[in-house]
Structure formats: structure tokens, C-alpha cells
Amino acid sequence: MAARISDTIKKDHYDLDTYYKTIINTNDPDEQQRFQNKFVWELARHAVGEELVVYPAMEKYLRDGLEMADKDRHDHQIVKEQLKRFQDMHLTNSQFIPTIKALMKDLRKHIEDEEQIDLVKLESAITPEESQRLSKSFSRTKMFVPTRAHPSAPNKPPYQTAYGLMTAPVDQLMDMFRAWPEDVVNPNPSME
């Protein structure tokens, strides 16, 4: 059985929290940079995916969906502005850890509201099949959206879609030159 949209969103939230904890708890600058890149990559894609798939579904299926989606877009705007500062910040900057901590504080409030209110309402208003369809659409959409924060970009379709299709290739090209957690070679393969 395919995942429901709420399960897919919650999995992303869990992954983001895991990357965040690695960034603030590691003493290894290389690991910190790799997870900074991973955190930025996942959060940027997640936010745009929600704006293109989940929020329009809320607007379509929920009586108060437009207000909920507008509030969530506002929350995303704040997070995108913080993410833009963080993604361009070098590890040696004294504001590196305070910046991601402030970002996560705002993001966690948004995640809590989304998981406990928005997704609960959405799931109760749609069929299991529609939830699975939204989940697949969300996952597919994340493959074609920008991988960096662009807070000045539109946050509603169709303009967001057009902007994303123009900026995503540039972001993805630059991603080829970034360090990623999965690129680390295990020096002792027998320990896996």
C-alpha cells in the first residue's frame, strides 16, 4: 500500500530534524558542511513541494483551506528567508549555529501545526486513494523543484511552477559541486 500524504510529509519532517541534530551536535566540520547541504536541499524541496501539491489540495478540499494554506505559505516565507541566510553561511561564521537554531524553532512550530491540524483535516476530507495520489505527486514534484531557498520567488502556482522550472536546473548543477553525507567513503567497509 502506498504512503498517505501525511506519512510522506512526516517522513520529510523527521529527516530534517535528523539532519539538524547532526549539524548542531557534530564536531567534524566536513560532516557539518555535508549535512548543511543536505538540510538545505531537503527543506527547499519540501517547502516548494508542499506549496505546489499540498496547499492547493487544502484549498480544494477544506472549507477553511485557503486560510490554512495562506498561513502555511506565510510560515514558509519566514523559513525560506532564514534558510537563504543559512545556506550561504560558512561554518566558521559565529552565527552559523544560532541561525539554524532560530530556523528550526520557527520550522518546528510550523511542523507541529501542520502535523496536528492541517494534515489531520486534509486526511479526514479526502479518500485514502486521493491521499496516496497526493503523496506520489508530492514525491515526484520534489524531483523538479529548486534545491536552494529562493525567498523572493512566487509561492503559488502557476508562477511558482514556472520560476521553479527555470531555477531548478541551476541549483541542481551547483549541487554537483557540493559535498553530501552519502558521498563519504567508509574507510573500513567490513564495519558496515
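**View 1. Residues that join helix H3 to helix H4 in this predicted model.** From H3 (residues 65–87), the residues that meet H4 are Met 68, Lys 71, Asp 72, Asp 75, His 76, Ile 78, Val 79, Gln 82, Leu 83 and Phe 86, a contact being heavy atoms within 4.5 Å. Their counterparts in H4 include Phe 96, Ile 100, Leu 103, His 110, Asp 113 and Lys 121. By class, this contact holds ten nonpolar, four polar and eight charged residues, where Ala, Val, Leu, Ile, Met, Phe, Trp, Tyr, Cys and Pro count as nonpolar, Asp, Glu, Lys and Arg as charged, and the others, Gly among them, as polar. Residues are numbered from 1 along each chain as its sequence is written. Local features need pLDDT of at least 70, side-chain atom pairs count only at pLDDT 80 or more, and totals for chains, interfaces and linings use all residues, while side-chain values use heavy atoms, leaving out hydrogens and water.

**View 2. Packing geometry of H3 against H4.** The two axes lie 10 Å apart at an angle of about 160°, with axes fitted to C-alpha atoms over the stretch in contact and angles running from 0 to 180 degrees between N-to-C directions. H3 and H4 are therefore roughly antiparallel to each other (angles over 145 degrees).

**View 3. Helix H2 alongside helix H4.** The axes of H2 (residues 29–61) and H4 (residues 96–125) come within 12 Å and cross at roughly 30°, so H2 and H4 are roughly parallel to each other (under 35 degrees). Among the H2 residues that meet H4 are Phe 39, Leu 43, His 46 and Tyr 61, and the residues of this contact divide into 16 nonpolar, four polar and three charged.

Note on methods: Helix = DSSP H or I, 4+ residues; strand = E, 2+ residues; numbered from the N terminus. Parallel < 35°, antiparallel > 145°, perpendicular 65-115°, else oblique.
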